[in-house]
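Q: Could you pick out one buried strand residue here and go over its surroundings closely? After that, please carry on to a few other spots in the chain.

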Amino acid sequence: MPKPFQAVRGMNDILPAESALWQSLETTVRDVLAAYGYHEIRLPLVEKTELFARSIGEVTDIVEKEMYTFADRNGESLTLRPEGTAGCARACIEHGLLHNQTQRLWYVGPMFRYEKPQKGRYRQFHQVGAEAYGMAGPDIDAELICLSARLWRQLGIGDVVLQLNSLGSSAARAAYRERLVAYFETRRAELDEDSRRRLTTNPLRILDSKNPAMRAVLAGAPVLLDHLDADSQAHFEELRAMLDAAGVAYEINPRLVRGLDYYCKTVFEWVTDTLGAQGTICAGGRYDGLLEQLDGPAIPGVGFALGLERLVAMLAAAGHPGADANPHAYLIMVGDAAQRRGLALAERLRDQLPALRLRMHCGGGGFKAQFRRADHSGARFALILGEDEVRTGTVALKLLRDPDGQQLTLSHDQAAAHLCAALDSTSRI
Ligand code: HAM
């Protein structure tokens, strides 16, 4: 027998048993973004490859080795988006969304990176991104951080720490880069292979090394925060003062450099140690030069993206139940006449009670088999339509989760009123 198809490695199905948690997470995220005045933008999954090379940076891990790039039938090089910031900036420039106005935008959806799959790291994963354009001061950086902090509170996530750094202006960073390379050159023998390669391509990323053997070399490296330009320093100090005033705790991490080249000034990550090696649940920062770099206007930007798989894993570990998607009621029909009348009754109840989740039994069968299905469905009520009920224009309503199993015979309108009262009295009838 041929082996059935399996999903592509690192690309996961989100099964029905998991989707309730995803939905409740997405609803909370949407509500919090709306509370801060963010509007949704929907972007294509595929962009021209050049867009990512020009924004994320030619010598980053993402562009060098993680993109799903292919030629379309015209021979044009296209790429499945590895992140959303570049596409969002492209859309804003293309549609003139930044003429004399600021924007606060968000998006959600799958991203694709050819990384080595492990717990919390996948080749197709989902982000919610938030991007704010046209605001140069630290107030919007602080607001974005407060927004994410509020999200953790709403979700009941406690074990998470905010790490903060400033990368300064591109001129300050270029000067720092020279100092850093000079320092690493003096200790070249102690660098691992990866870091030696990065010395010429992307030396700042050496600071990100997780190799314990590199600890001593890194400890002696010059610190970017000590070499900031005056403007970036003032921006960072003001941001810190605003976060202090708002009561948002943070740690300064001078090694935080991020894996994408478009950042300047503020960078931040929310990190947890409850998820193992892949502990960053949200990351972002300021990218004032990106739009110009993409031939757009010289307009500043700042944003972040949440990793939804990692947040779902945290919520599941904390026993978060997710949204209740079980039917409220299950309609059982016994006998030919009832089979014929059942659909009309179900439709009428749905007309009267738009919030009712009603599952109608399909496929026939005896009362016992249908009742078992009703019980398994998780519904609180069974509606039973048998020959007697059809004849008298009634329906039986039975409480499935009540050990005494009380059963009432009701007119159709009475049944609707009964279900309506139950829907009103609690959101989970
Ligand atoms: P990033 O740090 O590459 O930033 O990704 C943001 C978040 O997406 C990570 O912190 C993580 O939670 C999640 N993530 C990234 N890669 C994977 C993966 N392979 N599997 C599972 N989750 C993953 C960006 O993408 C920037 N565009 C963020 C940003 C928006 N900066 C400014 N605006």
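A: Helices and strands here are DSSP runs, numbered from the N terminus, with at least four residues for a helix (H or I) and at least two for a strand (E). Residue numbers start from 1 along each chain as its sequence is written. The model is predicted, so local features need pLDDT of at least 70 and side-chain atom pairs count only at pLDDT 80 or more, while totals for chains, interfaces and linings use all residues, and side-chain values use heavy atoms, with hydrogens and water left out.

Let's start with threonine 79, which sits in strand 4 (residues 77–80). With a relative accessible area of 0%, threonine 79 is buried (buried is under 20%, exposed over 50%, partly exposed in between, with a 1.4 Å probe and protein chains only). Its side chain makes a polar contact with the side chain of threonine 49, at 2.8 Å. That term covers a pair of N or O atoms within 3.5 Å; within protein, one must be able to donate a hydrogen and the other to accept it, and residues adjacent in sequence count only if both atoms are side-chain atoms. Setting aside neighbours within four places in sequence, threonine 79 is in contact (heavy atoms within 4.5 Å) with Leu45, Val46, Glu47, Thr49, Phe52, Met67, Tyr68 and Thr69.

Now for strand 14 (residues 381–385): five of its five residues are buried, so the strand is largely enclosed by the rest of the structure. Phe381, Leu383 and Leu385 point one way from strand 14, while Ala382 and Ile384 point the other way. Two strands pair if DSSP finds at least two bridges between them. Strand 14 pairs with strand 12 (residues 329–333) in the parallel sense over five bridges, and isoleucine 384 is the bridge partner of isoleucine 332. Strand 14 also pairs with strand 15 (residues 394–399), in the antiparallel sense over four bridges; there, leucine 383 has leucine 397 as its bridge partner.

As for the overall layout, an automatic or database domain assignment sets the bounds, dividing the chain into domain 1 (16–168 + 228–317) and domain 2 (329–425). Taken over C-alpha atoms, the centres of domain 1 and domain 2 are 47 Å apart.

One last stop: the charged end of arginine 123 sits over the ring of tyrosine 114, 3.8 Å from its centre. To count, NZ of Lys or CZ of Arg must be within 6 Å of the ring centre and within 35 degrees of the ring normal.
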